[in-house]
Amino acid sequence: MGPHRPASFLCHGVDAGPARRVPGPCRHRSAVRLFHLIAFRGLRRGEACGARWTDLDADEGTLAVATQLTVVNGQVEEGDPKTASANDMVALDTTTLDVLRIHHARQLADKLHWGPAWQDSGRIFTREDGSRLHPDVISKHFERLCFAAGLPPIRLHDLRHGVATLSLAAGNDMKITSAMLRHSSLAMTSGLYTAVLPEVAHAAAEASAALVPRAAGLRDLSVNRGLPPVSPAHLSIPTTPPTPDTREKQEVSDVAGTWSAERSRGIGGSAIPR
């Protein structure tokens with residue numbers, strides 16, 4: 001998934017006025033901010049739904065992935081992250097941090113509005129009354145927003161794939177991308193995303209080829225049918241032994257004279273080195 005899709009979706013979600021909001025059990029703006037976190041930092045659906053304010057370190061700019069919400073037989077259950085490597089810190093960009101700060105301020109305002117009826121779940125993203133989200137409902141809400149934005153059918157999990165695509169397009173290597181997505185192994189990341197952006201591979205090939213000087217060879221492509229020249233003239237291999245120029249002759253003569261003078265004074269070896 002290219003970068004234009006998540007960008008179009010997020011812009012539509014943020015710009016949608018009350019009349020254009022898709023009905024649902026969670027606040028529209030709260031859902032869009034959850035989608036922002038997934039689209040920019042690659043969290044899984046259950047990890048984003050389970051994220052707590054106590055997991056966020058705004059000063060360090062990190063979010064600890066310590067729990068997730070999953071659906072078992074239609075019921076929401078809280079559990080450990082999907083893999084051991086998933087239980088890690090996620091570095092947050094400044095834009096995402098700003099989004100979370102604004103969201104926190106508005107959630108506090110909602111808490112005051114609801115008063116005693118507010119359910120303090122401790123979650124970053126909640127329903128209108130503060131209770132935890134249902135992951136399946138979030139996915140359906142995402143699909144409705146995508147349709148309203150005029151986008152082709154995409155799944156919520158495709159936002160996570162988009163993060164990998166954007167990371168590789170930005171020049172990050174596979175190891176960094178794998179660590180960001182918190183995959184269980186580098187092989188898993190390579191298997192999923194090696195061919196996700198052919199233009200990334202082409203760009204890497206061009207960058208590598210640019211390091212090799214080949215201007216001389218390119219001038220002769222039409223003459224040699226694309227093959228590099230191999231004649232002695234092109235390889236700069238002399239056809240006859242070179243003769244010393246005047247300067248070289250003088251340097252040899254000077255060295256010989258020096259050794260001859262030292263020998264006459266009994267200094268040095270018995271002969272000029274050959």
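**View 1. Thr 70 has Glu 77 in E4 as its bridge partner.** This is a predicted model, and the close-up here is on a pair of strands. Strand E3 covers residues 68-72 and strand E4 covers residues 75-79. The two run antiparallel and are held in register by 5 bridges. Together E3 and E4 make a hairpin, with 2 residues between the strands. Take a look at Asn 73 in that turn: its phi is positive, at about 55 degrees.

**View 2. Strands E1, E2 and E5 line up as an open sheet.** The order across this 3-stranded sheet is E1-E2-E5, and the pairing is antiparallel. At the edges sit strand E1 (56-57) and strand E5 (89-91), each pairing on one side only. Zooming in on one pairing, strand E2 (residues 62-64) meets E5 in the antiparallel sense over 3 bridges. Ala 64 is the residue to pick out here, as it stands opposite Met 89 in E5. As a reminder when looking at side chains, those of a regular strand alternate between the two faces of the sheet.

**View 3. Helices H6 and H7 cross at roughly 150 degrees.** H6 takes in residues 158-169 and H7 residues 174-181, and their axes come within 10 Å of each other. Angles over 145 degrees count as roughly antiparallel, so that is the label for H6 and H7. The crossing of H6 past H7 is right-handed. On the H6 side, the contact is made by Arg 160, Val 163, Ala 164, Ser 167 and Leu 168. H7 brings in Met 174, Thr 177, Met 180 and Leu 181. Sorted by class, the contact of H6 with H7 comes out as 6 nonpolar, 2 polar and 1 charged residues.

**View 4. Ser 184 lies in the loop between H7 and helix H8.** Helix H8 spans 186-193. Is Ser 184 buried or exposed? Its relative accessible area is 53%, and the cut-off for exposed is over 50%, so Ser 184 counts as exposed. Now bring Lys 82 into the frame: Ser 184 and Lys 82 are 102 residues apart in sequence, yet their C-alpha atoms are 9.5 Å apart in space.

**View 5. Zoomed back out, the protein chain has 12 helices and 5 strands.** Of its 274 residues, 33% count as buried. For the contact map, consider pairs at least 6 apart in sequence: 59% of those contacts in the protein chain join residues at least 24 apart.

Definitions and conventions: Residues are numbered from 1 along each chain as its sequence is written. This is a predicted model: local features need pLDDT of at least 70, side-chain atom pairs count only at pLDDT 80 or more; totals for chains, interfaces and linings use all residues. Side-chain values use heavy atoms; hydrogens and water are left out. Two strands pair if DSSP finds at least two bridges between them. Helices (H or I, at least four residues) and strands (E, at least two) are DSSP runs, numbered from the N terminus. Axes are lines fitted to C-alpha atoms, for helices over the stretch in contact, and angles run from 0 to 180 degrees between N-to-C directions. Angles under 35 degrees count as roughly parallel, over 145 as roughly antiparallel, 65 to 115 as roughly perpendicular and the rest as oblique. A crossing is left-handed if the near helix is turned anticlockwise from the far one by less than a right angle, and right-handed if clockwise. Contact means heavy atoms within 4.5 Å. Ala, Val, Leu, Ile, Met, Phe, Trp, Tyr, Cys and Pro count as nonpolar, Asp, Glu, Lys and Arg as charged, and the others, Gly among them, as polar. Buried means under 20% relative accessible area, exposed over 50%, partly exposed in between (1.4 Å probe, protein chains only).
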